[in-house]
Number of protein chains: 2
Amino acid sequence: MLSLHQLRCFLATLEHGSFTAAAGALGYAQPSISEQVRLLEQQLDTTLFRRVGRGLVPTEAARALQPHASAALAAVAEAGRAVASVRELLTGTVRFGVFRTARFYLAADLVADVLQRHPGVRVELVGQNSAEVLEHLRKGRLEAAVIALPVEDENMVVTPVLRDELVYVSADPARLHARITPADLAAAQLVLPDASWRETDTTRRQLAQAVQRTGHPLRPRIEVEDTETALEIAARGLADTVTWRGVLHGLADRLPAGLGWAPLRPAMYETFAVVHREGELSPASRVVVDLVTARMRGLDRAMRARTG
Amino acid sequence: MLSLHQLRCFLATLEHGSFTAAAGALGYAQPSISEQVRLLEQQLDTTLFRRVGRGLVPTEAARALQPHASAALAAVAEAGRAVASVRELLTGTVRFGVFRTARFYLAADLVADVLQRHPGVRVELVGQNSAEVLEHLRKGRLEAAVIALPVEDENMVVTPVLRDELVYVSADPARLHARITPADLAAAQLVLPDASWRETDTTRRQLAQAVQRTGHPLRPRIEVEDTETALEIAARGLADTVTWRGVLHGLADRLPAGLGWAPLRPAMYETFAVVHREGELSPASRVVVDLVTARMRGLDRAMRARTG
DNA sequence: GCTGTCCACAGGAATCTCCTATAGATCGGT
DNA sequence: ACCGATCTATAGGAGATTCCTGTGGACAGC
C-alpha cells in the first residue's frame with residue numbers, strides 16, 4: 001500500500017533532481033530513497049523517473065503525482081497541527097458536567113475564567129441533574145464533572161469541594177422562626193423545583209425522607225422546573241420553598257426582593273464534589289477541574305465564615 | 001513518523017466505534033488495529049480514545065484529527081487516480097520529437113489521430129531540427145522522436161520509416177530539364193530554408209558536400225527559415241529551391257501555383273527514422289510511435305508507387 | 001582517458017507489522 | 001449475584017520491511 005514515506009521520498013527526489021541529493025536532504029542513504037521510489041513506481045504501476053545516464057528525468061506521471069503527493073503530506077502536517085492545537089487548548093471544545101443549580105455557584109465566572117486563559121476554546125457545561133451527569137461520566141461521554149454526593153462508584157475519583165446547607169425560604173417573616181422542623185415542612189405550602197427529576201434528585205429525596213419520618217408525605221403544592229421560578233413564586237407569597245444557602249449567596253442582589261430564610265433543624269446538608277474517572281485526565285479537563293475546585297472551595301470558605 | 005496506515009486504522013475505529021469492528025472492516029486482527037492507534041496516539045502525544053469499560057469514546061483530539069486524516073487519505077487516493085489516468089492516457093501530455101519539416105508529412109493528421117483515440121490528452125510535437133531533437137532524446141527530455149538519419153548512438157533504437165528524395169523546384173519550366181546536377185545547383189540562384197540550422201542540418205550538409213565536389217561553394221542567394229517561405233519565393237520566380245518530394249506530396253494542392261520540380265542526378269536521399277532510447281517506452285510514447293511509424297511507412301509506399 | 005558523480009544491486013542487521021493466544025474488564029441477562 | 005458474551009490490553013514470535021554499507025557500472029566534464 002502507498003505510504004507517506006514513499007511520497008516524501010518521491011517529492012524530495014523531484015525537488016532535488018536526484019536520489020543522492022534527496023537522500024542528503026532527508027538524511028538517508030541513497031539506496032533507501034532509490035528503493036522507496038522504486039516501490040512507489042511498482043505500486044502505481046508506472047515509471048516516475050526515466051533513468052537517463054547518471055541523472056533522472058521526471059515523467060508525465062511524476063508531474064501528475066506531484067500535487068497530490070504534496071496535498072497528502074500537507075494534510076498530514078495539518079492533522080498534526082490540529083491535534084496539537086487541541087492538546088495545547090488553543091482550540092477545541094472543553095466539556096464539563098455540572099449539577100443543575102451549579103449556575104448559582106459558578107457558571108458565568110467559571111466560563112469567563114476558562115475563556116480568558118484559553119481564548120480559542122469552546123466551553124460546554126452540560127447537565128440537568130447529578131444522577132444523569134454521573135451516568136454520562138460512567139459511559140465516558142463526560143470526562144469530569146461537579147455533582148452532588150453520594151457517588152457510589154469505586155472507579156471514580158471523588159473530591160468533595162463544598163458542603164451546603166438546605167434552608168427554608170419565605171416572604172413571610174412570621175414563618176421564619178429560628179428552627180424549621182420536618183413537621184413544619186410537612187405542614188407548609190411549598191413550591192419545589194426539579195419537577196422532572198424529583199425521583200432521582202438527591203435533595204428532593206433527602207427532604208422526602210425527613211418529612212416522611214414525621215408520618216406525612218412530602219406533597220408540595222406547586223412544582224416547577226427551575227429554582228429561580230420557585231423563588232419568584234415564594235417572593236410573591238404564593239408558597240414557601242427550600243433551597244441551598246449557596247444559591248441565595250450566589251444570587252445575592254439578584255434574589256427576588258422580600259425573601260428571608262431560616263435554617264432547618266435538624267440541618268440537612270448536601271456535599272458537592274468534583275468527580276472523574278480514575279486515570280489520566282486530559283489537559284482541558286484538568287484546567288476546568290482545577291478552576292472549579294478552587295472556586296467551589298473558596299465559596300465553601302466564604303459561606304462557613306458567614307455562618308461562624 | 002505518522003503513517004497513512006495509522007490514519008486508516010484510526011478512521012475505521014472512529015467510524016465503527018471499536019477496535020474489533022474496525023479490525024473486521026479492514027481485515028486485520030484486533031490487536032493490530034489497537035497497536036496502530038496506540039502508536040498514533042503516542043506520535044501525536046495525545047489520547048484519541050478514552051478506554052471506558054469495554055468500549056471506546058473518541059476524545060476532542062480525535063474529532064479534530066478526523067477531517068485531516070480523511071483529507072490525507074483522499075489526497076492519496078486522488079494521487080493514485082491521477083497517475084492511473086496518465087498511465088491509461090486519459091489525461092496528461094504526450095510529448096514527441098519531430099524534425100522541422102515533419103508537419104508536411106504528418107503533423108495535423110497525427111495530432112488528430114492521437115486526440116481521437118485519447119480525447120483527454122495534451123499533445124506536444126517539439127523540434128526545430130533533427131540534431132537538436134536527438135540531443136533532447138539523449139538528455140531524456142524526450143522519449144521518442146522521428147528525425148532524419150544518421151543517428152550515431154548505440155543506445156538508441158532506430159527504425160527507418162521513410163526514404164525521401166531531394167528535388168529541384170522552380171517556377172521556370174525551362175530550368176526543369178531532366179537531370180539537375182550539382183554543377184547546375186552551384187550555378188543556380190537558390191533560396192534555401194533553415195537559415196539558423198544550416199550548420200547542423202543534414203539536408204543542407206548533404207547538398208553542400210555535393211556542390212563542393214564541383215569545386216564551387218554552396219552559396220544560396222536567399223536564406224529563409226521555413227520551407228513554405230522558400231517555396232513561396234520560388235513560385236514568384238525570384239529564385240529556385242530544393243526540397244523533399246515528401247514536402248511537395250504533403251502540400252499537394254496547397255503548393256504555391258506555378259511550381260514544377262525535377263529530380264537531381266545523382267539522386268540525394270534522406271532517411272527518416274523513429275528513434276527512442278533502449279528499454280521500455282511509456283504507453284503514451286508507444287501510441288505515438290506506432291501511429292507515426294504507420295503513417296510514415298504508408299507515405300513511403302505511396303511515394304515509391306508514384307515514382308515506380 | 002581519467003576522475004568524480006550518480007544509479008543499481010546485494011547482503012545483512014534492525015525494526016516494524018501482524019498474527020495467535022490469553023488475561024482482564026465490563027455489560028446484559030438470568 | 002453470578003455467567004456468558006464482548007471488548008481491550010499484552011505477550012511472544014514469524015515474517016516483512018526498512019535501511020545501512022559496500023560495490024559495480026555508466027556517464028559527464030576536464
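**Interface and nonpolar core of the two chains**

Across the interface of chain A and chain B, ten residue pairs are in polar contact, both residues at pLDDT 80 or more (N or O atoms within 3.5 Å, one able to donate a hydrogen and the other to accept it; residues adjacent in sequence count only through side-chain atoms on both sides). The model is predicted, so that local features need pLDDT of at least 70 and side-chain atom pairs count only at pLDDT 80 or more, while totals for chains, interfaces and linings use all residues. Residues are numbered from 1 along each chain as its sequence is written, and side-chain values use heavy atoms, without hydrogens and water.

On the side of chain A that touches chain B, two or more residues each come from α1, β1 (49-52), α4, β3 (93-98) and α7 (130-139) of chain A (DSSP runs: helices, H or I, of at least four residues; strands, E, of at least two; numbered from the N terminus). The most, 17 residues, are given by α4(A). By residue class, this side of chain A holds 19 nonpolar, eight polar and 13 charged residues. In total, 40 residues of chain A are in contact (heavy atoms within 4.5 Å) with 39 residues of chain B.

Two salt bridges are found across the interface of chain A and chain B (a side-chain nitrogen of Lys or Arg within 4 Å of a carboxyl oxygen of Asp or Glu). Arg50(A) forms a salt bridge with Glu143(B), with 3.4 Å between the closest N and O atoms.

Leaving aside neighbours within four places in sequence, Phe10(A) is in contact with eight residues' worth of partners including Val37(A), Leu48(A), Leu65(A) and Ala69(A).

How values were computed:
Chains are lettered from A and ligands numbered from 1 in the order in which they are written. Ala, Val, Leu, Ile, Met, Phe, Trp, Tyr, Cys and Pro count as nonpolar, Asp, Glu, Lys and Arg as charged, and the others, Gly among them, as polar.
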